[in-house]
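I opened this notebook to record what I looked up in one structure, entry by entry. Each entry keeps to what could be read from the coordinates.

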Amino acid sequence: CAGWGQQATITRASMATYDYDSFAGPATEGEGSSVEASCALTPEERTGASELAAALAAPGGAAVLDVRSTEQHAMAALPGSTSIPFDALAERVAEAAALVPADGRLFVVCRRGNDSQRA
């Protein structure tokens with residue numbers, strides 16, 4: 001297996017050099033044209049993994065709402081994140097609103113970026 005055992009080729013060191021922001025950026029169709037339908041937010045409103053990591057590492061951390069399913073959140077959750085699955089968000093909007101800190105910056109994460117933008 002590439003990620004496990006003595007012969008693993010995917011390691012923490014190899015992942016440290018991986019450009020996740022480029023990998024997880026907006027989808028494209030054809031030669032570099034953005035798929036606008038999947039981008040509900042403007043580029044200024046979207047946040048990359050590096051910016052989220054910096055906010056989490058800063059004193060006081062960051063407010064994070066995870067809109068993935070409960071099962072996905074249980075498998076791998078960001079420290080301090082609050083899980084409100086996207087499908088339950090309409091019924092729990094007051095709970096989500098209470099997560100917004102005084103600075104107004106709430107990071108919303110999901111599996112691929114579509115649900116977090118819609119949330």
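The entries below go from the overall fold to the sheet, and then to single residues.

**Entry 1, overall.** I noted before anything else that this is a predicted model. I counted six helices and five strands in the secondary structure, and reading along the sequence I found the pattern α-α-β-β-α-β-α-β-α-β-α. Of the 119 residues in the protein, 18% are buried. I also looked up the exposed surface, which comes to about 8500 Å², with carbon and sulfur atoms supplying 55% of it. Among the contacts with a separation of 6 or more, 45% are between residues 24 or more positions apart.

**Entry 2, the sheet.** I traced an open sheet of three strands in the order β4-β3-β5, with parallel pairing. Because β4 (82-83) and β5 stand at the edges with a single partner strand each, one side of each is left without a neighbour in the sheet. I then went through the pairings: β3 and β5 run parallel and are joined by four bridges, while β3 and β4 pair in the parallel sense over two bridges. For individual positions, I found Val64 with Phe107 of β5 as its bridge partner, and Asp66 standing opposite Ser83 in β4.

**Entry 3, the faces of β5.** Which residues of β5 lie on its covered face, and which on its uncovered one? I found Phe107 and Val109 on the covered face of this strand (residues 106-109), and Leu106 and Val108 on the uncovered face. In a regular strand the side chains alternate between the two faces of the sheet.

**Entry 4, the cores.** The largest nonpolar core has six residues, which I listed as Leu65, Val67, Ile84, Leu89, Ala96 and Cys110. A second, separate core has five residues, among them Leu52, Ala55, Val64 and Val109. I followed Cys110 further and, leaving aside its neighbours within four places in sequence, found it in contact with Val67, Arg68, Asp115 and Ser116.

**Entry 5, Arg68.** I placed Arg68 in the loop between β3 (63-66) and α4 (70-75). Is Arg68 buried or exposed? Its relative accessibility is 15%, so Arg68 counts as buried, the cut-off being under 20%. I looked next at its polar atoms: the side chain of Arg68 makes a polar contact with the side chain of Asp66 at 2.6 Å, and a polar atom of the Arg68 side chain lies 2.4 Å from the backbone oxygen of Ala76. Beyond its neighbours within four places in sequence, Arg68 is in contact with His73, Ala76, Ala77, Ser83, Pro85, Val109, Cys110 and Arg111.

**Entry 6, His73.** I found His73 in helix α4, and at 17% relative accessibility His73 counts as buried. Not counting residues up to four places away in sequence, His73 touches Asp66, Arg68, Ser81 and Ser83.

**Entry 7, Pro101.** I turned last to the loop between α5 (93-98) and β5, where Pro101 is found. Pro101 has a relative accessible area of 28% and is therefore partly exposed. Leaving aside its neighbours within four places in sequence, I found Pro101 in contact with Ala63 and Leu106. I also recorded that Pro101 and Ala62, 39 residues apart in sequence, are 8.7 Å apart in space from C-alpha to C-alpha.

Conventions
Residues numbered from 1 in each chain as written. Predicted model: local features only at pLDDT ≥ 70, side-chain atom pairs only at ≥ 80, totals over all residues. Heavy atoms only, no water. Buried < 20%, exposed > 50% of the residue type's maximum accessible area, 1.4 Å probe, protein only. Polar contact = N/O pair within 3.5 Å; in protein donor to acceptor, adjacent residues only side chain to side chain. Contact = heavy atoms within 4.5 Å. Pairing = 2+ DSSP bridges. Areas by Shrake-Rupley, 256 points an atom, 1.4 Å probe, with all protein chains shown as cover. Core = buried A, V, L, I, M, F, W, Y, C linked by side-chain atoms within 4.5 Å.
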